[in-house]
Every structure is written in C-alpha cells, then in structure tokens.
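Hi there,

Here is the structure I promised to send over. Have a look at it first, and my notes follow below.

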Amino acid sequence: MSKTQVLIAGAGPTGLTLALWLTRLGVPVRIFDTAVAPGETSRALAVQARTLEFHRQIGIVEDVLAEGIRLERLTVHTPAGVAARLPLSDFGRGISPYSFAFALPQDIHERLLITHLERAGVEVERGTELLAFQDRGEAVIATLSKNGRTETVSAAYLAGCDGARSAVRHGLNIGFPGGTYEQSFYVADVKGSGDITRNGMDTTISTYGFAIVMPVRQSGSVRLIGIVPKAHEADETVTFEAIRADIERDTGVKVHEVNWFSTYRVHHRVAERFRAGRVFLAGDAGHIHSPAGGQGMNTGMGDAVNLAWKLAAVVQRRADPRLLDSYEPERIAFARKLIESTDQAFRIATSRSRLVGLFRRYLMPKILNIALHTSFGSRAFFGVISQAAIQYRAGPISAGIAGKVSGGDRLPYVVRANGDNFDPLRSLDWQVHIYGELNCDFRAMLAPSGIPIHAFAWSDAAAKAGLQRDAAYLVRPDGHVALASPVQEAATFQRYLAGLAIRPRTAERAPYRVLGTMHSLA
C-alpha cells in the first residue's frame with residue numbers, strides 16, 4: 001500500500017491549485033485525473049483579481065499575466081447602437097494590485113499550473129480512475145485504477161476536485177440539489193471581423209436576450225457566447241452553420257474560421273455538504289452555477305486555497321484538527337450566496353419575457369453606465385466581480401472588529417511608497433499587521449508565539465481602506481483577517497492562537513517589519 005498525505009482527485013484548475021499550494025507549503029501530495037491529457041479548449045476565460053492575488057502569494061502571477069489579455073473596456077450594444085462604454089482597465093484602483101479585468105483561456109491557465117507543479121516535483125497521474133475509497137478514521141484508503149491495474153493508496157485526506165460528476169461526491173452519497181436553466185447556450189472560439197472593441201469585451205443586449213464577444217488568445221481569436229435561437233432549441237445536434245446567421249447578427253462578428261464550437265445547458269447546484277470526515281469537496285464537485293460574472297473557475301480555486309493552508313497546518317501539526325471544521329461553513333456559505341446572485345443576474349439576462357426584455361434593452365445599459373462611472377459604483381462592482389469582497393465574518397474562526405475591518409474580511413489592500421501590504425503574504429504564514437505605532441509590550445508578549453509582526457506607517461491609504469490606526473490584525477495564510485483588535489492586547493491574540501493550537505511555519509524567532517526594515521524581536 002502506497003502512502004501520501006493528501007490525495008487529490010481531479011486535475012482541473014481547482015485540483016491543480018490545491019496541489020500547488022500544498023506543495024509550496026511542504027505537504028506531499030498525489031494528484032490524478034481520468035483524462036489522459038490536459039484540456040485543449042479555452043472554456044473558462046475570466047481570471048479574477050482575487051485569484052491573481054493568490055497566484056502572487058505562490059510566485060506565479062507574472063507568468064499568468066504574461067499569457068493573458070487585460071480587458072480595457074466593456075462596450076454595451078443594443079439594436080439602436082452603442083448604449084454604454086464602461087472602463088475595465090483600472091476600475092478596481094486602490095482595492096487590489098490587479099485592478100483590471102483579465103482574460104486567460106483555461107487550457108493555458110492549466111498548463112501554467114502544471115508546469116509549476118512539475119518544477120516542484122509533482123506530476124499529474126493521467127488516465128487514472130478512483131474506483132472506491134473508505135474513511136477509516138485515521139486515514140482514507142482509496143483504490144485507483146490505471147491501464148487495467150489497481151493500486152491501494154493510504155492518504156491522511158482525500159480532496160474531491162473532480163468536477164460536476166464527482167466520483168468522490170457520489171462515493172460519499174452527498175446530495176447535489178439544484179436545477180437546470182431552460183435555455184440552451186452556444187460558445188464558439190473564432191477568427192472574425194467586425195466592430196469589436198480591441199482588448200475589450202462587447203455585449204449586445206436586446207429584447208431576445210444577450211450575446212458576448214471577448215478576446216480569447218493573444219493570437220486574435222475571439223469568444224462568442226449567446227443563447228441558441230428558439231427555433232433550434234429542440235434540435236438533437238446544433239451545428240455552428242445551422243445558427244451562423246443568428247450568431248453573426250447578434251454578435252456583429254463576421255466569422256471567417258471556427259476553432260471550437262459547443263452548445264450546453266447551464267446548471268445551478270450546491271452540494272449538501274463540502275466535507276465528510278477526512279474527505280472534502282472543492283470546485284465543481286461542490287457547486288456549479290451560471291457563467292454570469294465569470295465566477296465558477298475562480299470560486300473553485302478559492303476553495304482550493306482555503307482548504308490548502310488548513311490541511312497543511314493540520315498535517316504538519318501546526319494547528320488543531322478543528323481548524324478543518326471551518327472549511328465547509330466558510331466556502332459553502334459563499335457558494336450558496338453566489339448561486340443566488342448569479343441566478344438573479346442570469347435570469348434577467350436570459351429571460352424571454354417581453355417586459356424583462358424591454359428593461360434589459362432600454363434601462364439596464366443606462367443603469368450600468370451611471371453606476372460604473374461613479375467611484376462608489378465602480379468599486380462596488382469590482383469588489384463583487386473580482387471576489388475581493390468575499391468575507392467569512394460569520395465563520396467559526398473569525399473574531400473582532402477594528403475600524404471597518406472585521407474578522408473574516410479579506411485584508412484591505414494598502415499601497416505604500418516602496419511596495420504594498422500584500423507583499424508579506426508571500427510567506428503563506430500567519431502574521432500580525434499594525435498600521436501605526438507598534439507597542440513594545442505587545443511585541444514582547446507576542447514574541448514567544450513566533451508569529452511575525454509587520455508594522456506599517458499610518459497613511460491616508462490605510463485610513464481609506466478602512467483600517468484603524470494602531471489596531472492589530474491577525475492575518476491568516478490566505479490573506480483574510482482572522483482576528484481584528486482595536487487595541488494591541490497580546491492576551492487576546494494569545495487566546496485566539498491557543499484555541500486552535502496555531503504555530504507559524506517558521507521555526508526561528510520571527511522578525512517584525514517597520515517601513516520595510518527588518519528588526520529583531522529580541
């Protein structure tokens with residue numbers, strides 16, 4: 001029987017992210033997939049700012065950015081002409097270091113993750129199927145099959161990142177309630193010509209529905225998305241040529257070459273549980289929803305990051321196993337909220353009701369135009385779309401409030417003269433942030449915990465971000481605030497750390513930083 005710490009079923013973006021984060025954190029993993037090769041189609045395109053922030057933490061963000069396209073503008077068309085031009089190049093300024101909309105085909109994204117994983121010495125085991133598994137309390141025993149041969153693997157934990165038809169979820173007999181939207185949709189990657197916004201996204205809104213045009217690859221291909229015409233919905237097979245005229249009319253693109261075409265039905269489901277003992281669900285295995293806002297792949301990768309640092313801490317005995325109890329409530333709450341919000345947006349975008357169609361055609365572009373040309377509207381829209389607004393305030397390991405920041409919030413982004421406050425997050429470790437003066441007694445009393453302290457000079461940017469001067473924030477390895485305290489009271493932090501038996505990754509006594517200068521805690 002072979003052994004590993006974490007066995008990962010599924011090598012899509014979620015499974016690859018989990019494997020890469022765990023590997024960076026020093027946890028042995030095995031990752032396998034039933035597919036004999038990585039995907040070769042673009043599929044999910046949007047890479048949100050929060051995902052790019054996670055990529056920065058593990059040192060791969062520059063490679064990702066080099067392969068994709070920054071979207072500079074959203075142009076909203078109606079049959080009467082251009083209804084709105086909305087800026088996307090910097091609409092999240094001050095919220096994230098990645099304040100722009102960004103597109104990268106999923107196949108290229110996966111290839112980058114695989115490359116970095118291979119450099120770390122981990123290869124995806126292809127053409128491998130999970131036949132059965134059993135949680136025996138102290139370990140999960142799984143049976144894998146490849147080329148007709150079976151293997152038994154003992155793992156401390158099993159992660160099901162194996163998609164909507166998850167063998168892991170079926171093996172746990174976890175329900176997957178939800179439904180399917182009535183309309184069929186088409187997606188095509190093509191080369192074509194027309195009135196296309198360069199390095200931008202075009203949306204056509206009318207009484208019939210919507211169509212989207214956006215760049216896919218740096219080579220010049222564009223993605224076309226829309227609703228299959230009603231006359232063809234009942235067709236057993238829908239070909240591109242059968243609906244070419246509708247697609248070209250709705251998108252305004254004259255298609256010269258079709259690289260990929262598919263039709264599909266959209267489902268919206270959330271698993272009843274994301275965990276059973278030593279087995280976890282992440283990504284599409286736990287939730288699927290409409291493509292509204294480009295949230296699906298990014299949500300799965302967010303699941304992976306949330307689970308990775310917790311598994312690493314428990315496997316390496318740097319935290320009580322109860323830490324893992326926080327994964328399901330944090331991520332399932334967000335998945336349910338996302339289903340609700342994308343469902344509402346999707347129904348408005350696709351409804352065949354004439355009344356909704358008139359709203360969509362005449363009022364919605366005006367509302368978007370007004371909202372996204374105001375600072376408040378633009379920031380609010382970016383926070384939701386980019387997933388920078390995700391918070392776990394109701395989660396079991398979130399506590400306190402200081403300024404406008406509560407335990408569970410993503411650490412607000414603050415730009416400084418020589419960098420930003422996100423740079424220390426590259427350590428993938430617990431840390432304390434202070435914006436203002438560091439109290440010497442607080443520093444001395446917290447020193448035995450080994451938790452690094454990063455003290456930043458107070459600034460207008462910190463105030464604007466909602467942080468409180470001289471307050472103390474305990475930050476988790478994923479960049480979310482665990483504990484927010486308006487005062488630097490070491491006992492509060494000691495109680496929190498002791499409650500989950502948290503120890504930092506660094507064995508040596510930690511330094512603290514002031515304005516980027518290293519100082520000893522001694």
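Please keep in mind that this is a predicted model.

A good place to start is the hairpin-like pair in the middle of the chain: strand 12 (residues 210–215) and strand 13 (residues 222–227) run antiparallel and are joined by five bridges. If you want a residue pair to click on, Ile 212 has Ile 225 in strand 13 as its bridge partner.

Both strands belong to an open sheet of eight strands with mixed pairing, in the order 5-4-11-12-13-10-14-17. At its edges are strand 5 (81–87) and strand 17 (287–288), each pairing on one side only. Helix 6 (residues 240–251) lies across strands 10, 11, 12, 13 and 14, and runs at about 90° to strand 14 (253–270).

Further along, have a look at strand 24 (residues 472–475). Which of its residues are buried? On one side Ala 472 and Leu 474 are, and on the other Tyr 473 and Val 475, so both faces of the strand are covered. In a regular strand, side chains alternate between the two faces of the sheet.

Strand 24 also has two antiparallel partners. With strand 22 (residues 431–435) it shares four bridges, and with strand 25 (residues 481–485) it again pairs over four bridges. Leu 474 appears in both pairings: it is the bridge partner of Val 432, and its own partner in strand 25 is Leu 483. The hairpin of strands 24 and 25 has five residues between the strands, and Gly 479 there takes a positive phi near 85°.

Happy browsing, and best wishes

Key. Residues are numbered from 1 along each chain as its sequence is written. This is a predicted model: local features need pLDDT of at least 70, side-chain atom pairs count only at pLDDT 80 or more; totals for chains, interfaces and linings use all residues. Side-chain values use heavy atoms; hydrogens and water are left out. Two strands pair if DSSP finds at least two bridges between them. Contact means heavy atoms within 4.5 Å. Axes are lines fitted to C-alpha atoms, for helices over the stretch in contact, and angles run from 0 to 180 degrees between N-to-C directions. Buried means under 20% relative accessible area, exposed over 50%, partly exposed in between (1.4 Å probe, protein chains only).
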